[in-house]
Amino acid sequence: MSGGPYDDRGNHDASITNPCGMAEDDPVHAGGHEHPAPGGPFLIGEAMTGGYGRGADILHSCTIAVDRGEIAVIVGPNGAGKSTAMKAVFGMLSLREGMVRLDGEDITELSPQARVRKGMGFVPQTHNIFTSMTVEENLEMGAFIRRDDISGTMEQVFDLFPILKDKRRQAAGELSGGQRQQVAVGRALMTKPKVLMLDEPTAGVSPIVMDELFDRIIEVARTGLPVLMVEQNARQALAIADKGYVLVQGRNAHTGTGKALLADDEVRRSFLGG
Amino acid sequence: MDFLNALVALANFVFIPAIAYGSQLALGALGVTLIYGILRFSNFAHGDTMAIGTMFTILVTWGLQALGVSFGPLPTALLAIPFGIVLTSLLVLGTDRLVYRFYREQKAKPVILVIVSMGVMFIYNGLTRLIIGPGDQNFADGERFLISARDFKTMTGLDEGLALKSTQAITVVVAILVVALLFWFLNHTRTGKSMRAYSDNEDLALLSGINPERVVMVTWIIVAALAVVAGTLYGLDKSFKPFTYFQILLPIFASAIVGGLGSPLGAIAGGFIIAFSEVGITYAWKKVLTYMLPESLEPSGLVQLLSTDYKFAVSFVILIIVLLFRPTGLFKGKSV
């Protein structure tokens, strides 16, 4: 994929190598430090520019932010860099320019593990559960950084997603699409994050399940947890959003409250299909 | 009576040796399968890690013997194993720091690591020969037999003797303990679960705050421990010669692949399948058949399917059959 001297040149012989579940991202290396940077929203990726590895820039001075008690939604056409922007905020790729601030601290140099410890929870779009582990083990792994008793948080997750309680001894890979997304969100909630980032939580689930998931996400946000979310179903997502970002080709195209964007003629015509 | 004699002969020449050999292969294959599952490459240096680890154990054993320390009827080497594990862990962690980590940081594809492990194999191989020499080393002491063939004959009055070497019994007992401990660790401890999570999905493990370098470190330590235990048991049961440890790599890989690469349970099953096939096919069945068959059908030859010189061919053939008909192995490992 990347080429270079350490590539396999197309050799995919699985008898000697095990590519399943290999890291694909190029995260910020461990060892960086945070710096105080007071002011601004609770979480903001500001003027972010960057791409994967040594490839071309995907984000061009892109800014996304979420404040306490808000739901912020990122929408845009395919390939607009929505997922990339989320990964950049979480440190899953290194920024060339711009900064990420969380709760009055500049965390641009922190590795993803360190950001988890700072209170960020992230649900990626794909490969967001440990398929070979049980539902309960998935939740335990979500709480990996915690040393205190996690049973209370696990009960809260089971209250939010009751189906997971019944299936807690089942391998997560055997669950249906909607249930898997519930495991994924539950896993991220286990750290008791201060901000929750969701990358297309409703991808590949039926409309009924989608409504259900949206309800749950609103429920989570009502507890005061800021939610930053990428969504394909732009209309529905903007309807529940306090703040909306429309990205086009890695740039901020439109920004405003969810209602304002829904009412905006240009946004409607270009992205919401009239 | 003939039937009993046949059973005893079978147990003595096939069953007991194959169980002991199978346990050794299973421990070796577990190490290979862990590296494959968690570090994602086939570690060709595993045979020589076993050799160098066994060498450390032997050196410590000799030291202990010189000091007059003994373990009663049990081999002194059992006391030396923990020292061997510590030394081997330091060695593999040093190797990881110097060699493998560089390639991890470059995001090298696993196939590069396979070739790198081959280089490591040659270095370990050379080190072992430099330090302890290429020759045979016998380091077993303590009681040699649990039951000797003669005792068994006088005890039962049968014509056939059944010998149970103490090293064989120790091999099986230690293997069971080690495997039980490993499975408990992987399934019930926080670190063990984090290793499985890392194996399942590296990126998500990172998102959960699992430190990859720590997972890698713990994996190497466990693999070093498995290699030392497997190597020492093999050496006690047979004898220690660096070259045989290099050769044993093939049946070990065959075991891991037959069982399903990445599946610890498969590695154990694979180990016993390979061991039983190897011993069964290279055993001269004349004696057992003579007891079992009527006189008119008594075989004239040795009824040995394959000379012991060709025992490695058995691993190859099983490997090919499995790869052709069940590429994921018996226990649904990763598709090969």
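Okay, one definition to start: when I say two residues are in contact, I mean their C-beta atoms, placed from the backbone, lie within 7 Å. With that in hand, take chain B: of the contacts there between residues at least 6 apart in sequence, 74% join residues at least 24 apart. And before I go any further, a reminder that what you have in front of you is a predicted model.

Let's stay on chain B for a moment. Its secondary structure comes to 14 helices and 2 strands. The radius of gyration is 21 Å, close to the 20 Å that the globule rule gives for 336 residues, so chain B is as compact as a globular protein of that length. If you lay the C-alpha trace out along its principal axes, it spans about 70 × 55 × 35 Å. As for burial, 47% of the 336 residues in chain B are buried.

Now chain A, going through the list again. Here we have 10 helices and 11 strands. Its radius of gyration is 19 Å, close to the 19 Å from the globule rule for 274 residues, so chain A is as compact as a globular protein of that length too. The box for its C-alpha atoms, along the principal axes, is roughly 50 × 50 × 40 Å. In chain A, 42% of the 274 residues count as buried. For contacts between residues at least 6 apart in sequence, 70% join residues at least 24 apart.

Okay, some local stuff in chain A, strands to begin with. There's an open sheet of 5 strands, in the order β1-β6-β5-β2-β3, and the pairing is antiparallel. Which strands stand at the edges? Those are β1 (35-36) and β3 (59-66) of chain A, each with a single partner strand, so one side of each is left without a neighbour in the sheet. The partner of β1(A) is β6 (residues 105-106), antiparallel to it and joined to it by 2 bridges. If you want to find that pairing on the screen, look for A:P36, which stands opposite A:E105 in β6(A).

Further along chain A, strand β10 (residues 243-248) and strand β11 (residues 251-256) pair in the antiparallel sense over 5 bridges. A:G244 stands opposite A:G256 in β11(A). These two strands form a hairpin with 2 residues between them, and A:Q249 in the turn has a positive phi of about 50 degrees.

One residue I'd like to pick out is A:A88, in helix α1 (residues 82-90) of chain A. Buried or exposed, with 26 C-beta neighbours inside 10 Å? The cut-off for buried is 20 or more, so with its 26 neighbours A:A88 counts as buried. Who is it touching? Leaving aside neighbours within four places in sequence, A:A88 is in contact with A:G45, A:M48, A:G50, A:L59, A:L93 and A:L95. A:P5, on the other hand, is 83 residues away along the chain, and its C-alpha atom is separated from that of A:A88 by 26 Å.

Back over to chain B, for helix α11 (residues 249-259). This one is mostly covered, with 10 of its 11 residues buried. Among them are B:I252, B:F253, B:I257 and B:V258. What does the covering? The list includes α1, α2 (46-66), α10 (242-247), α12 (264-282) and α14 (311-325) of chain B. Just after α11(B) comes B:G260, with a positive phi of about 110 degrees.

Last topic: where the two chains meet. The contact takes 36 residues from chain B and 35 residues from chain A. On the chain B side, the elements giving two or more residues are α1 (2-39), α4 (110-132), α7 (190-200) and α8 (202-207). The largest share of that side, 6 residues, comes from α7(B). By class, the side of chain B that touches chain A has 16 nonpolar, 11 polar and 9 charged residues.

Let's zoom in on α7(B). Its axis and that of helix α3 (residues 135-142) of chain A come within 10 Å and cross at roughly 100 degrees. That makes the two helices roughly perpendicular. From α3(A), the residues making the contact are A:E137, A:E140 and A:M141, and from α7(B) they are B:K193, B:S194 and B:A197. By class, that helix contact has 2 nonpolar, 1 polar and 3 charged residues.

Notes:
Residues numbered from 1 in each chain as written. Chains lettered and ligands numbered in written order. Predicted model: local features only at pLDDT ≥ 70, side-chain atom pairs only at ≥ 80, totals over all residues. Helix = DSSP H or I, 4+ residues; strand = E, 2+ residues; numbered from the N terminus. Rg over C-alpha atoms; globule rule 2.2 N^0.38 Å. Buried ≥ 20, exposed ≤ 12 C-beta atoms within 10 Å, placed from the backbone. Nonpolar A, V, L, I, M, F, W, Y, C, P; charged D, E, K, R; others polar. Pairing = 2+ DSSP bridges. Axes fitted to C-alpha atoms, helices over the stretch in contact; angles between N-to-C directions. Parallel < 35°, antiparallel > 145°, perpendicular 65-115°, else oblique.
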